[in-house]
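Colleague: Thanks for sitting down with me. Could you walk me through the ligand site and the empty spaces of this protein?

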Amino acid sequence: MKREALALEVTSVVLGASRDFLAKEGFIELLPVILAPVTDPLRTTPEWATIFAYGRPWYLTRSMIFHKQAAVRVYPKIFCFSPNVRLEPPERAQTGRHLFEFVQLDLEVRGATREEVMELGERLFLYILAEVRKECGKALEAWGREVPEYSRPFLRIPWHKARQELGEDFEAELSRQSKTPIWLVDFPIDQREFYDREDPEQPGILRDMDLLYPEGFGEALSGGEREYQLERIKARILRQGLSLDSYRPLLALAEDGLSPSAGFGIGIERLVGFICGFPHVAQVRLFPRVPGEEALL
Ligand code: ASN
């Protein structure tokens, strides 16, 4: 089988397995939002993709984070295969992990704790791997890749500890050294976005997490508990040096009442790339959008 066809088959099984699993867990699927008056601030991606219509700018969705917080007011468990446009700098073309258009499976649970969504994430990930093994195991083996098997719970390491033990490049190092997926938890407040909830018991530390793939495949999943109280959200926006005015739609929602929630997003191309053992996520997509590169179609 051609590499492109294998990638399509695995992607299709990953999408189907995710839907199956989440439906059994009581989730409903949202249609994606492509254009929004407010989207993820993402401190590491300074460029914004914007279109002007009806007298105002609209942003191409960088993540559905605020829509997820709004959606759990209506329904307690939601997910979406969300296309995201992030104008990554061209230097990120060769990381093997960045496309400027990609899809994430983004989910949110009203009233959940970080630990609850971590547990859900582990079970979801293992379910997807088992389904891929069943449906595409032979094709992958012919390609020279065995679908790995892991058992949960996965190890957890606090951000500060990982940095102390492994130095500046600790995230890549942890992913390279690890034989199983591993959680990085408790990021310092200034390392992440304003919507990640500060731990009331550890000021300056967030109730958030990333899951890292083993074998050097890097970040798999990112999420956490959310700030949901108006005053806390305002304080966090200002702390990041952002303007309250840019986040007016979110503040209006918070004023009306947001629920506590937790959730995460899993990049689909990275997940399929990891399962297939591809060195670059561009190999997963038929029409990849590599930062700074031309596309034929
Ligand atoms: N999906 C992520 C989350 O739920 C946000 C992101 O993609 N930046 O926290």
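Colleague: How far does a polar side-chain atom of Gln104 lie from an oxygen atom of the ligand?

Modeller: Happy to help, and please keep in mind that this is a predicted model. Gln104 is among the closest of the residues that surround the ligand. Its side chain has a polar atom facing a ligand oxygen at a computed distance of 2.9 Å.

Colleague: Which residue has a polar side-chain atom 2.8 Å from an oxygen atom of the ligand?

Modeller: The closest residues around the ligand are Lys68, Arg86, Gln104, Asp106 and Arg226. For Gln104 the distance to a ligand oxygen is 2.9 Å. The 2.8 Å distance to a ligand oxygen belongs to a polar side-chain atom of Arg226.

Colleague: And which side chain has an N or O atom 3.0 Å from a nitrogen atom of the ligand?

Modeller: Gln104 pairs with an oxygen atom of the ligand, and Arg226 also pairs with a ligand oxygen. Here the ligand atom is a nitrogen, and the side chain found 3.0 Å away is that of Asp40.

Colleague: How much of the ligand's accessible area does the protein cover?

Modeller: On its own, the ligand has 270 Å² of accessible area. A shell of 13 residues surrounds the ligand. Of that accessible area, the protein covers 91%.

Colleague: Which elements give two or more residues to the shell around the ligand?

Modeller: The ligand takes up the space of the largest pocket. By class, its shell has three nonpolar, five polar and five charged residues. The elements with two or more residues in that shell are strands E6 (101–110), E10 (218–225) and E11 (261–267).

Colleague: Which element gives the most to the lining of the largest pocket?

Modeller: This pocket has a volume of about 1,300 Å³, and 45 residues line it, with Thr44, Arg192, Asp210, Glu219 and Ser222 nearest its centre. Helices H2 (65–71), H4 (159–166), H5 (170–177) and H8 (268–276) each give two or more residues to the lining, as do E6, E10 and E11. With five residues, the top contributor is E10.

Colleague: How many residues of that lining are charged?

Modeller: The lining of the largest pocket splits into three classes, with 14 residues nonpolar and 11 polar. The charged residues there number 20.

Colleague: What about the second largest pocket: which element gives the most to its lining?

Modeller: That pocket holds about 220 Å³ of space. Its lining has 14 residues, and Pro37, Tyr59, Asp245, Ser246 and Tyr247 lie nearest the centre. Strand E4 (56–60) and helix H7 (248–256) each supply at least two of the lining residues. The element giving the most, with three residues, is E4.

Colleague: How many charged residues are in the lining of the largest cavity?

Modeller: There is one cavity of 30 Å³ or more, and its volume is about 30 Å³. Gly121, Phe125, Leu211, Ala220, Leu221 and Ile266 line this cavity, with helix H3 (114–142) and E10 each supplying at least two of them. Five of the lining residues are nonpolar and one is polar, and the number of charged residues is none.

Colleague: Turning to the backbone, which two residues does a cis peptide bond join?

Modeller: Most peptide bonds are trans. In this model one bond has an omega of about 0°, and its proline lies in the loop between H3 and strand E7 (155–158). The cis bond joins Arg152 and Pro153.

Colleague: Which residue has a positive phi although it is not a glycine?

Modeller: A negative phi is what most residues other than glycine have. The residue you ask about lies in the loop between strand E2 (35–36) and strand E3 (50–53). Its phi is about 35°, and it is Leu42.

Conventions: Residues numbered from 1 in each chain as written. Predicted model: local features only at pLDDT ≥ 70, side-chain atom pairs only at ≥ 80, totals over all residues. Heavy atoms only, no water. Near = heavy atom within 4 Å. Polar contact = N/O pair within 3.5 Å; in protein donor to acceptor, adjacent residues only side chain to side chain. Areas by Shrake-Rupley, 256 points an atom, 1.4 Å probe, with all protein chains shown as cover. 1 Å grid on protein atoms, 1.4 Å probe; cavity = no way out; pocket = protein on both sides within 12 Å on 5 of 7 lines; lining within 4 Å. Sits in = over half its atoms within 2 Å of the grid points. Helix = DSSP H or I, 4+ residues; strand = E, 2+ residues; numbered from the N terminus. Nonpolar A, V, L, I, M, F, W, Y, C, P; charged D, E, K, R; others polar. Points joined across faces, edges and corners; volume = space filled by probe spheres on them.
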